[in-house]
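Welcome! Please take a moment with the sequence and the 3D view, then try the exercises that follow.

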Amino acid sequence: MAATRPLSLTAAAFRAAIPWPRGRLLASSPGLLTRWEATSSIPEAGEGQIRLTDSCVQRLLEITEGSEFLRLQVEGGGCSGFQYKFSLDTVINPDDRVFEQGGARVVVDSDSLAFVKGAQVDFSQELIRSSFQVLNNPQAQQGCSCGSSFSIKI
């Protein structure tokens, strides 16, 4: 599966709510900087790390094939200003950071990572929906009630 390469976006471009397509859309949900690897041998990820929960790792191992990984992006939009976007992808770009744990990989571009560094990616399965989501985002000031968008700390 080939993915298109977006143009490098600045924070101002995010505020202008310019989305970009990439990979297969999985879910829009709360929750992305450069190449770091968070492995299961590192119990507490550093400030610039993205941590993966056990349920996230398990679900990614079930749905990804070969070189596929979960891409986390932050886009302008939603009711709080920014929103998370998850998709499956196979192309790692020069400005991407790779976070790996237990064989599952989450990739975040450098522009998006500034908005989610230190956060945790989870997979939640409920009666009405199942989705990947970002938890405990230290860059978020507040989120909307549905949990799919957030505003940043200034």
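**Exercises on charged pairs and a loop residue**

Glu75 is buried, and Lys85 is buried as well. Keep in mind while you work that this is a predicted model.

**Exercise 1.** Find out how far apart the closest N and O atoms of Glu75 and Lys85 are, and which strands the two residues lie in.

*Solution.* Start with the distance: the closest N and O atoms of Glu75 and Lys85 are 3.8 Å apart. The cut-off for a salt bridge is 4 Å, and this pair does form one. Next, look at the strands: Glu75 belongs to strand β3 and Lys85 to strand β4, so their pairing ties together parts that are 10 residues apart in sequence.

**Exercise 2.** Work out which residue Asp89 forms a salt bridge with, and whether the two partners are buried or exposed.

*Solution.* The partner of Asp89 is Arg71, with 2.7 Å between the closest N and O atoms. Asp89 sits in strand β4 (residues 82-89) and Arg71 in strand β3 (residues 69-76), so this pair ties together parts 18 residues apart in sequence. As for accessibility, both Asp89 and Arg71 are buried.

**Exercise 3.** Describe the salt bridge between Arg59 and Glu62, then give the exposure of each residue.

*Solution.* First, the closest N and O atoms of Arg59 and Glu62 are 3.1 Å apart. Second, both residues are in helix α2 (residues 54-63), where a spacing of 3 residues separates them by about one helical turn. Third, check the exposure: Arg59 has a relative accessible area of 29% and is partly exposed, while Glu62 is partly exposed at 49% relative accessibility.

**Exercise 4.** State how many salt bridges the model has in total.

*Solution.* The count comes to 4 salt bridges. Among them are Arg59 with Glu62, Asp89 with Arg71, and Glu75 with Lys85.

**Exercise 5.** Now turn to Ala119: where does this residue lie, and is Ala119 buried or exposed?

*Solution.* Begin with the location: Ala119 is in the loop between α3 (110-116) and β7 (120-125). Its relative accessibility is 2%, and buried means under 20%, so Ala119 counts as buried. Then look for contacts, leaving out residues up to four places away in sequence: Ala119 touches several residues, including Gln49, Ile50, Arg51, Val134 and Pro138. Finally, compare positions along the chain: Gly48 is 71 residues from Ala119, and the C-alpha atoms of the two are separated by 8.8 Å.

Note on methods: Residues are numbered from 1 along each chain as its sequence is written. This is a predicted model: local features need pLDDT of at least 70, side-chain atom pairs count only at pLDDT 80 or more; totals for chains, interfaces and linings use all residues. Side-chain values use heavy atoms; hydrogens and water are left out. A salt bridge is a side-chain nitrogen of Lys or Arg within 4 Å of a carboxyl oxygen of Asp or Glu. Helices (H or I, at least four residues) and strands (E, at least two) are DSSP runs, numbered from the N terminus. Buried means under 20% relative accessible area, exposed over 50%, partly exposed in between (1.4 Å probe, protein chains only). Contact means heavy atoms within 4.5 Å.
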